Amino acid sequence: MKQALMVLDIQNDYLSNQARMPVAKHQIEPILKGINGLIRRAEKSNVPILYIRNEFERKQILSNLLRKFTALKGSKGAEMDKRLLKAEGVYFSKNKADAFSNPSLMKYLNNHGIHELIVTGVFIEGCVTATVEGALARNFAVTVVGDAVAGATDQSKEAALNRLATQDILILSSEQIFESENDQRGI
């Protein structure tokens, strides 16, 4: 089954020192390390990398207020975090929690015969969960990388992972993703 690595919302407004809506600070370095390692291994395995980011229109006043004016289209906060490894990949923007709200994503996945998604990113309790549920509703096989997702707090991250664990998905560590056949056989 053909896979793709999804990297959700690794943007300045969630991870930088000036973040308007930050994830838990102590989760930032581990998530970046996990995702960057996955990106390197995805490249070696010829697995497509899908970079997805929020880009909210300035005219969405009420929802922008609720989101603390994060990731406004064209703003520094909407830019991908500079610490994120930028490999050859495809970029998709979204303005809702579920990445599938951008019809170009589904078109790309269909055109490339991708049926399995490996999901990483922020916020596990928001956009990651919404995207996972969107993928499941479209019959994708889904793996969430537990050490490559972050949340507002440890408690919200743990609660979201526990909820997702009750669905038809895998939750694995970054070391378990893209293992070579030799690793799987114990050679």
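## Tour of a six-stranded sheet

Select strand 4 (residues 114–122) and strand 5 (residues 141–150): they pair in the parallel sense over six bridges. Strands (E, at least two residues) and helices (H or I, at least four) are DSSP runs, numbered from the N terminus. Two strands pair if DSSP finds at least two bridges between them. Now pick Gly121; its bridge partner in strand 5 is Val149.

This is a predicted model: local features need pLDDT of at least 70, side-chain atom pairs count only at pLDDT 80 or more, and totals for chains, interfaces and linings use all residues. Residues are numbered from 1 along each chain as its sequence is written, and side-chain values use heavy atoms, without hydrogens or water.

Widen the selection to the sheet. It is open, has six strands in the order 3-2-1-4-5-6, and pairs in parallel. At its edges sit strand 3 (90–94) and strand 6 (170–172), each paired on one side only. Neighbouring strands are turned by 25° against each other on average, direction ignored. Axes are lines fitted to C-alpha atoms, for helices over the stretch in contact; angles run from 0 to 180 degrees between N-to-C directions.

Next, show helix 2 (residues 25–44). Helix 2 lies across strand 1 (2–8), strand 2 (49–54), strand 4 and strand 5, at about 135° to strand 5. Contact means heavy atoms within 4.5 Å. Then show helix 5 (residues 124–137). Helix 5 packs on the sheet, touching strands 1, 2, 3, 4 and 5, and its direction makes about 170° with that of strand 5.

Last stop: Leu66, in helix 3 (residues 61–66). Is Leu66 buried or exposed? Leu66 is exposed, with a relative accessible area of 68%; exposed means over 50% (1.4 Å probe, protein chains only).

Key. Buried means under 20% relative accessible area, exposed over 50%, partly exposed in between (1.4 Å probe, protein chains only).
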